[in-house]
Amino acid sequence: MINAILVFNNHGKPRLVRFYRHLAEEAQQQILRDTFHMVLRRDEHVCNFLECGSLFGSPDCKLIYRHYATLYFVFCVDSSESELGILDLIQVFVETLDKCFENVCELDLIFHMDKVHYILQEVVIGGMVLETNMNEIVAQAEAQSKLEKAEVSSSLERGAQCRCRAGWALGAVQEDSMLQAVGPGVNGAIPACVSPGRGHRVGAPH
């Protein structure tokens, strides 16, 4: 089982944090700090997985990670997961992000956190691997983006219609107020200066 997925930069700033076990906030922060220090001490030429003792309260906990540019992608797993399988899964996740964001960088994880979490949910859910086919993950992410854009467009159209109706209603109220202020003309006729032409004096002398 995958206990947690952590992404942080070279300075230890977390960019993506997802725990699949219930832990107190203080425990999560401690795990983040310990994980960063353990991974940072690793030489670039050693293997990408290491034993992490009882980091999650279990002696069979392992950290499996990959380092890309300024970011570390770390999966905290138990002994039931394959090290090489998780390394491949990290690669699939990163390549999917790269395809969805067109050359993904650290800023994408900061400013598009919702989309990143959605992509992650297509890969891992509840600590279990859900999908490893990158094309399938990308297709689901694109479908979700289209749905969100359609919802935004529909919301804007409804907003424009409401503003239009409100404008007509306000104009009618203003016209009624003008009529009440001027009062009826002879035999109840509407005075020429406030005829429905609004702003155009009907029957004005030449």
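Lysine 62 is found in strand 4, which spans residues 62-68, where strands (E, at least two residues) and helices (H or I, at least four) are DSSP runs numbered from the N terminus. The model is a predicted one, in which local features need pLDDT of at least 70 and side-chain atom pairs count only at pLDDT 80 or more, whereas totals for chains, interfaces and linings use all residues. Residues are numbered from 1 along each chain as its sequence is written, and side-chain values use heavy atoms, with hydrogens and water left out.

Lysine 62 counts as buried at 7% relative accessibility, buried meaning under 20% relative accessible area, exposed over 50% and partly exposed in between (1.4 Å probe, protein chains only). Residues more than four places away in sequence that lysine 62 touches (heavy atoms within 4.5 Å) include Leu50, Cys52, Phe75, Val77 and Glu83.

The largest nonpolar core, a set of buried Ala, Val, Leu, Ile, Met, Phe, Trp, Tyr and Cys residues joined through side-chain atoms within 4.5 Å, has 29 residues, and those with the most contacts inside it are Ile2, Phe73, Phe75, Ile86, Phe93 and Ile119. At least two residues of this core come from each of strand 1 (2-9), strand 5 (71-77), helix 2 (83-101), helix 4 (113-123) and helix 5 (134-182), and helix 2 gives the most, with ten residues. Apart from this core lies another, of 20 residues, among them Leu23, Cys52, Cys61 and Leu63.

Cysteine 61 is buried, with a relative accessible area of 1%, and cysteine 100 is likewise buried, at 18%. With a disulfide taken as a pair of cysteine sulfur atoms within 2.5 Å, the count comes to zero.
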